[in-house]
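Biologist: Please take me closely through one part of this chain, the sheet region and the turns beside it, and then set that part against the rest of the fold. I would like the backbone details first, in one connected account.

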Amino acid sequence: MEATGRTALYVCSVLFIFTEVSSEFIHIPTLVHHGIEGKSLLLSVETHFLMDEAEIQGTWSHTKLSGTRTTLVTFTKQAAITDMMYRNHLLFREPNVSLLIRKLNQEDEGDYHLSLNIEFHNKTGLVIKEERTVHVTVDVPVSIPMIQKSPSYAVVEDKANVTWTCSVERGTRVVFQWLRNNVAVGASNRYHFSQDNSTLLISPVRKEDKGTYRCVASNPVSQGRNSRPVELNVYYGPYNLEVNSVQGLRTGEVFTINPGELVFFECQADSNPPNSYVWISKSRNATQIITEGPRLEVRSYRLAQAEEYLCRAFNNVTQKQDEAQFTLVVASLGTVLMSIYNRPFLEQKRPHRSAGHEDATEDFGIYEFVSIPGKMESAQASCRSLARLESIQDMHTTIYDVIRHVSETPSHSLLE
């Protein structure tokens with residue numbers, strides 16, 4: 001019996017020594033608490049020793065953000081004394097050394113310091129001191145943010161600025177974030193944010209800024225709250241004007257069609273609002289308006305062998321315009337050879353690249369369209385094959401101008 005008692009005492013001594021070495025007699029799971037105003041907050045403490053084997057003495061104190069420190073509770077294992085000023089605001093239950101704060105308010109923010117002295121019964125005179133500090137913030141949950149745009153109407157690119165404002169009715173320590181088409185917006189040379197990110201200035205506005213904007217508000221006690229989406233409409237263009245047709249043969253800006261063929265051309269450009277379109281015929285140094293709208297219908301039997309056309313796009317809001325010019329050739333789509341008209345074919349020694357290569361400036365000028373009777377089995381031939389011909393006297397030739405570069409010149413009217 002005596003041996004058993006000595007064994008038990010030895011085991012307890014080993015455990016005590018192990019615990020003493022680790023010095024973790026108390027543990028606080030969370031050292032930072034984000035409390036909600038009006039709600040209770042428990043500063044939980046876990047004890048790693050048996051209360052029946054020790055005497056304790058301790059205090060909970062509070063240091064406000066201003067630096068003022070107040071002792072809230074003084075306690076032993078048998079009793080606790082709470083400061084009378086906080087008697088209805090705090091709850092401390094011995095022997096548990098945790099502290100409950102009721103109905104948090106802004107004054108409860110700061111550091112809570114626990115100081116605990118432990119004296120074990122079998123080690124009288126040896127006092128172990130444990131200290132922990134817990135930081136507490138108190139926040140108001142964020143309400144749904146409200147978003148505003150100024151000006152509220154659509155704007156013209158490169159001529160206007162837009163200011164976005166995000167605000168909340170309730171919330172503390174609010175963090176704002178901006179999204180365009182559900183993608184986060186960051187600062188740039190045109191995107192400027194206020195210090196708290198609640199305001200976004202776009203200066204100047206451009207085409208790529210159009211889209212749906214939202215702001216997201218959050219704080220330590222609220223996940224991101226989204227505002228309603230607001231659309232930014234930007235007037236721009238025309239850009240990337242081009243003329244297309246699914247009929248005939250196209251080489252660069254030259255369309256070749258068979259005699260008697262009915263051909264449709266489409267004129268398109270990126271623009272907001274949609275462009276107004278005018279089609280113009282250019283012949284014998286004179287211009288004539290044919291029709292308006294994005295679509296042109298041409299009956300080849302009414303044409304000469306070659307005619308020039310121009311599509312002009314005009315944006316009534318941005319007051320910008322663009323033009324695309326092309327040549328329409330009427331000829332049988334047999335073997336097609338092209339060469340520069342103002343130089344004899346047989347004198348050409350260098351290889352010639354077809355119209356449409358990278359250096360478009362080399363293509364401006366007068367070209368010759370050549371149709372060779374009896375060579376219909378080939379749809380196309382290179383210019384170099386023409387140089388090997390001994391004679392071109394029997395060839396039927398048609399002379400026409402290739403499209404010349406037309407620079408963009410803003411105008412107030414399509415018909416100027």
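Modeller: Proline 238 is found in strand E22, and in this predicted model the peptide bond that joins glycine 237 to proline 238 is cis, with omega at about 10°. Most peptide bonds are trans, and most residues other than glycine have a negative phi, so it is worth keeping both points in mind while following the backbone here.

Strand E22 covers residues 234-244 and pairs with strand E25, residues 262-272, in the antiparallel sense over 5 bridges. One of the bridge pairs sets tyrosine 239 against aspartate 270 in E25. The two strands belong to an open sheet of 4 strands, in the order E13-E22-E25-E28, in which the pairing is mixed. At the edges of this sheet stand strand E13 (155-156) and strand E28 (295-299), each of which has a single partner strand, so one side of each is left without a neighbour in the sheet. As a reminder of what such pairing involves, strands of a sheet pair through backbone hydrogen bonds, either parallel or antiparallel.

From E25 the path leads to another cis bond: the peptide bond from asparagine 272 to proline 273 is cis, with omega near 0°. Proline 273 has its place in the loop between E25 and E26, and proline 274 is placed in that loop too, where the strand that follows, E26, spans 276-283. Proline 274 is exposed, because its relative accessible area of 66% is over the 50% cut-off. Its C-alpha atom is separated by 8.9 Å from that of asparagine 316, although proline 274 and asparagine 316 are 42 residues apart along the chain.

With asparagine 316 as the link, the account can pass to strands E29 and E30. Strand E29 (residues 306-315) and E30 pair in the antiparallel sense over 10 bridges, and cysteine 311 stands opposite alanine 324 in E30. The two strands form a hairpin with 4 residues between them. Within the turn, glutamine 319 has a positive phi of about 60° although it is not a glycine. Glutamine 319 is partly exposed, because its relative accessible area of 25% lies between the cut-offs of 20% for buried and 50% for exposed.

Strand E30 itself, residues 320-330, is mostly covered, with 10 of its 11 residues buried. Besides its pairing with E29, E30 is joined by 4 bridges to strand E24 (residues 254-257), and these two run parallel. In that pairing, phenylalanine 255 has leucine 328 of E30 as its bridge partner.

Elsewhere in the chain, a positive phi is also found at asparagine 181, a residue other than glycine, where the value is near 55°. Asparagine 181 sits in the loop between strand E15 (175-180) and strand E16 (183-184), and it is partly exposed, with a relative accessible area of 43%.

The wider setting concerns the nonpolar side chains. In soluble globular proteins, such side chains tend to be buried together. Here the largest nonpolar core has 30 residues, of which Leu43, Phe49, Trp60, Phe75, Leu99 and Ile118 touch the most other members. Several strands each supply at least two residues of this core, among them E3 (41-43), E5 (54-63), E6 (69-76) and E11 (127-139), while E10 gives the most, with 5 residues. To take one member in detail, phenylalanine 49, leaving aside its neighbours within four places in sequence, is in contact with Phe25, Ile26, Ala54, Ile56, Ile118 and Phe120. Apart from this core lies another, of 20 residues, which includes Trp164, Val185, Val205 and Val234; residue 234 brings us back to E22, whose range is 234-244.

For the chain as a whole, there are 2 helices and 33 strands, and 39% of the 416 residues count as buried. Among contacts with a separation of 6 or more, 63% are accounted for by residues 24 or more positions apart. The chain exposes about 23700 Å², and carbon and sulfur atoms supply 51% of that area.

How values were computed: Residues are numbered from 1 along each chain as its sequence is written. This is a predicted model: local features need pLDDT of at least 70, side-chain atom pairs count only at pLDDT 80 or more; totals for chains, interfaces and linings use all residues. Side-chain values use heavy atoms; hydrogens and water are left out. Buried means under 20% relative accessible area, exposed over 50%, partly exposed in between (1.4 Å probe, protein chains only). Contact means heavy atoms within 4.5 Å. Accessible areas come from the Shrake-Rupley method with a 1.4 Å probe; for residues, only the protein chains shown count as cover. Two strands pair if DSSP finds at least two bridges between them. A nonpolar core is a set of buried Ala, Val, Leu, Ile, Met, Phe, Trp, Tyr and Cys residues joined through side-chain atoms within 4.5 Å.
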